[in-house]
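Me: Could you take a close look at one strand for me and explain how its side chains are arranged? After that, I'd be glad to hear about its surroundings and any unusual backbone spots.

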Amino acid sequence: MNFVEREQELAELSEVLVAGAAGRGNAVVVGGGIGCGKTELIDAVKERAAATGFLVLGAVGCWAERASDAGVLGQLLHYAEDPLRPARIRELLTELGRGVPAEADPDGGRRTLSPATTDALHQLCAEVLQASEKTPILLCVDDVQFVDTLSQHWLIQLLGRIRSARVVVLLAESTLSRSASPQLRAALLRLPTYRRITLNLLSSRGVEQLLAAHLGAAAARALAPECEQITAGNPLLVRALIEDHRDAAPDTVRLTVGDAYGDAVVSCALRGRPVLLRLAQILAVLDDEGDAADLLDRLLDAEESATVQRGLHALQVAGLLQGARFRHPVARAAVLASLPPQRRAALHRRAAELLDGSAAPATRVARYLIATDQAPPAWALGVLRSAAEQHLVDNRAAEAYACADAALRLCTDETDQMHLRVLLAGAAWLLNPSITARHLGELAVALRDGRLPAQHAVLLAKCLLWYGRYEEAADAIDRVVTRADGAEPVTAAENRATLEVLSSSYPSLVPGRKPGRPGPGAARDPRVRSAAALSHVLAHGADDAAVAEAEAAMRAMRLGKRTQEALLCGVAALQFADRLPTAAGWCDHWLEQARARRVPLWEAEFASLRAGIALRQGNPVLARQLAENALKLVPADSWGVCIGGPLTHLVQAAVETGDHAAASAYLDIPVHPGMFRSRFGLHYTHARGWHHLAEGRPLAALDDFTACGTMMAEWGFDRPELVPWRSEAARAHLALGDVPKARALAQEQLALVRPGPSRTRGLSLRVLAAAAPVRERAVLLTDAIEVLRACGDRLQLAGALADLGRFYHRAGRPARARPVIEAAARLARACGATPLLRGLPEAYTIAGRPAAGAERSAALQRLSRAERRVAELAARGYTNREIAKRLCVTVSTVEQHLTRTFRKLGVKARQDLPEEMVLDVMRG
C-alpha cells in the first residue's frame, strides 16, 4: 500500500503494537477530517498486526445503527475465533439481547444498565482479556462517534482493565463530532499510555507525490497546483481526481474533474450525521458567502442549528469548502443532484422569501426565484422586474433575460407587459439577436399604436434595421429624429448618438448629421464624437484630427450596452484611416473586455472587426480564425443584414490563401436582401468581386466593383480608404485587356488618397504600375514597396515585391530579380498566401541563395552614407534627375556619388549594382 505523508503515524502505531504484544495495553484515537485516510491507516495497522500474530477484531460505527444496543460489540465479537471461545461469546451476546432494558438516571439524565446487562458486559471483557494471554489482540473501531451505548459501556470497562494486558484498542473519530460519550473520553484519558494521532490534509508536496504514484512525475508536476486548489489535499478527493483524469484525458496537462470527484464529495457529506448532508445541500443551493451567513441557520431545522458551525468546520477540514462555498462547481452540482427536486425548489423559494423579507437587493432575491424551476409566486413580479432592469445596467444579459421572462409570465397588466417585452428584447439582443426577432413585430405595432413609449424607439430602430425590416424601422427612426433634440438631456444624447452610429452603417436609410459636426449639446458626448469621427473618415478621408477624436472618445468610454456601438465606430474610424496598429490595439482591448463581460454579441462584433483589420495588415489566416469564431459566437442566421461583416472577411481571407472552394461556400450562405442597402453589403459586394476576379471572371468582378462605386457615390462615402473599388476595377480591366481604362481608374484613385504613406496609396501605386508603361513600372513599384512597408500590410508588400521581381525577371536581370522574389516568397509564406507563391517564376530557387562574397561585403562597407543612398535609388530604377529631386541635391552631386560608387564596387553601369541595394527597401 502506497502511503503519502502518513509514514510517521504508521510507525507510531507500529510501536504501539510492539508495546501491546509485550503486555503494555494501550489505546489510540486517530482523528481527522472526513476522507483524510483514517480508515486506510487503520487497515494498514490491521495488516501489520495480523502479520505479527495479533488477533484482529474490527467494527464500524454507523449513525443509522447508533440506537441498536450492542451493535458494534456484536461486530467485534460475534464471529471471533480462537483463542476466544466463540460459543461462550455468542451465549453472552444473546444474554445481552435478552437483558433488562436500561433505565434513565433521575439525577444525571444518563442511561444506567440493569445488573444482568452489566454482568454480561463484564464477562465479555473477561473473555477478551483471557484470550489475550495466549494471543495479543488488536481491537479496532472506526467512526467511534456513532457507537451505540451498550458498546460504549463495554469499551469503557475494557479500557479500565488493559493496562497490563496484551490488548491494543484503536479508535477512529471524525472531526464532525467528538466521541458520543464523555465517559468514553474520560476512560481514555485515564489510561497512562493513551495517545491521540491527528491526520492532516496533504501538503503541496504530498499531493504531487500521490499524483506521481498514479500518473507519473511529469504529469504530477503539471497537475498538482490545480489538484491542491480543488481538493485542499484531501487524499480521497485527490484519488477521485486521478480516476477522473485517467478515464477522460490521461495525456493532457489540464486536470479533468468528473463524476468520480462528484461522487467522492457526496460520499464525504454522507459519512457524517444527516445534518452534515443537509448542511452541504443548503450551501449548494445558496452558493454565496453572504447568503450562507444570513440564511443558513434559518434554513436548517431549529434543533440542528447548534451544529452549523461544527458542520461547516467539518466540510472545510475535509477540503470540500473554501469559506462557505464549494471549491469546485462539480462538487456543488453533485451535492445539488442529491437533493430531490421538490426539496430543492422549496429551499430556493424559502431563501428568496427570507431575503425579500430582509430587504435584500432584487437581483439577489431573483436568483433564487429563477432557480426554483417553477412558476414564481405573485409577490415576485416587482422583484423580477427590478432585477431585470439592474442586470441590464450591469451587462448581465442572461440573468436579465431570465428575470424579464419570468416576470412576463406573471404580469397581467398590458402596460407593464409592454415594458417587460422591451426589457426582454434588450436582454435577448445581447445574448443572440435571433431571440429578439420574435418580439419585433409586436413592438413595432405597439409603437405605431402609441402603446409603446417613444423612449423605446431607439432600441426598436436598431433591431429592425439589423433584420432589414426597413419599412417598420422608418417609423421608429422618425420618432428618434423627432426626439433627438428633445428637452431631456439624457434621452436627447442617447438619440443623437444612436442616429450618428446608425447613419454610418445604414447611410441610405438613416438621416445623419453633417459628418464630423455633432448637433447642439452633443459635442461632449463621447459616443457622438466617436461615431462622428467615423462619418468624417468615410465622407472626407482620414486626417489627424479625426483620428485623435476617435481615440479621445474611446478613452472616455467603458464597454457597456450604451457604448458598444460607438466603440465599434471608433475602431472602424482608425481602421479606415489606415492607422492599423492603433486600430488593432484598441480592438484587441475591447475584444478582451467583451469576453470578460460574457456578452456573445459584443465579442462576435469585435472579433469580426478585428478580422477586417487583420486582413488590412496582411494576415488572412488570423482574419479567418477571428471571423469563424464570430460566427460560432453568434450563428449566421442571427446576424441579420450585418452578416456581411464576417462573411466579407471569410471570403477575402479564403481568396488570399487560395481556398476558392471555401470562398464559394461562404458566398452560398443565404443573406438578407436588405444587406445591400447597408455598409455591410458594400464590403460583401467588394469581397465577392475579389472572388470572381481570382476565379477568372473579370466581367462579373467588374460588375461588383462598379456596384460598390455606385453605392459609395450615392451615400457620399466615395473614399478609397473604405473600399478601394477603383484599383480593383482597374485589375479587372487589365484582365480584360483594357489598359487605358485601368490606368485612368488607378490614377483617379491615387488622386483621392491623402498625402503621406498609407495602405491605400500603396495599393494604388501597385495597380498603377501594372497599367503604366514599362519604363515607369520599376519606380512605381519601388514607391509602392516603401509605402506598404511603412503601413504594415505584409501581404500587399509581398505582392508588390513579387511584381517587381517578375519585372526584373522579364527584363533579363536575374541578379536583381532573385533577392526581390525571395523576399516576396518569405512574406507570402508567412501570410499563408498560396496563390502569390504559385505566381512566382519557377526559374528561381527560393530556398537558400548563396550569401554575398566577402569582397562584395567589404566593398559595400566602403561606401559613404550618401553614396549608398544614391546607389540604392539608382538600383531601383530612378533617373539621376529623380534621385536629385528626392534627396534635395543637384544632379551633378548625384553623378559624382555614382562615379565614386561604381569605382569602389568595380561595376560599369547601374544595372550591375549588387542586388543588396534592392533588398534595402525591405529593411526597417
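Reply: Happy to! In this predicted model, strand E2 covers residues 55–60, and its side chains alternate between two faces. Leu55, Leu57 and Ala59 point to one face and are buried. Val56, Gly58 and Val60 point to the other face, and these are not buried. Buried here means under 20% relative accessible area, so Val56, Gly58 and Val60 do not fall under that cut-off.

E2 has a partner in strand E5, residues 137–142. The two strands run parallel, and six bridges join them. If you want a place to begin on screen, try leucine 55 of E2, which stands opposite isoleucine 137 in E5.

Now for the backbone. As background, most residues other than glycine have a negative phi, and most peptide bonds are trans. Following the chain on from E2, you can look at the bond between aspartate 82 and proline 83: this peptide bond is cis, with omega about 10°. Proline 83 sits in the loop that links helix H3 (71–77) to helix H4 (86–98).

Two further spots concern phi. Aspartate 578 is not a glycine, yet its phi is positive, at about 65°. You will find aspartate 578 in the loop between helix H27 (564–576) and helix H28 (580–597). Is this residue buried or exposed? Aspartate 578 counts as buried because its relative accessibility is 7%, and the cut-off for buried is under 20%.

Cysteine 888 also has a positive phi, about 60°, without being a glycine. Its loop lies between helix H44 (880–887) and helix H45 (891–905). Cysteine 888 is exposed, with a relative accessible area of 69%.

To put these places in context, here is the whole chain. Its secondary structure comes to 46 helices and nine strands. The C-alpha trace spans about 130 × 85 × 45 Å along its principal axes. The radius of gyration is 41 Å, whereas a compact globule of 924 residues would have one near 29 Å. Of those 924 residues, 55% count as buried.

Contacts tell you about the fold too: among those between residues at least 6 apart in sequence, 69% join residues at least 24 apart. On the outside, the chain exposes about 39000 Å², and carbon and sulfur atoms supply 51% of that area. As for charge, there are 111 positive and 103 negative side chains, and the centres of the two sets lie 7 Å apart.

Conventions
Residues are numbered from 1 along each chain as its sequence is written. This is a predicted model: local features need pLDDT of at least 70, side-chain atom pairs count only at pLDDT 80 or more; totals for chains, interfaces and linings use all residues. Side-chain values use heavy atoms; hydrogens and water are left out. Helices (H or I, at least four residues) and strands (E, at least two) are DSSP runs, numbered from the N terminus. The radius of gyration is taken over C-alpha atoms; the globule rule is 2.2 Å times the number of residues to the power 0.38. Buried means under 20% relative accessible area, exposed over 50%, partly exposed in between (1.4 Å probe, protein chains only). Contact means heavy atoms within 4.5 Å. Accessible areas come from the Shrake-Rupley method with a 1.4 Å probe; for residues, only the protein chains shown count as cover. Lys and Arg count as positive and Asp and Glu as negative; His and the chain ends are not counted. The place of a charge is taken as NZ of Lys, CZ of Arg, CG of Asp or CD of Glu. Two strands pair if DSSP finds at least two bridges between them.
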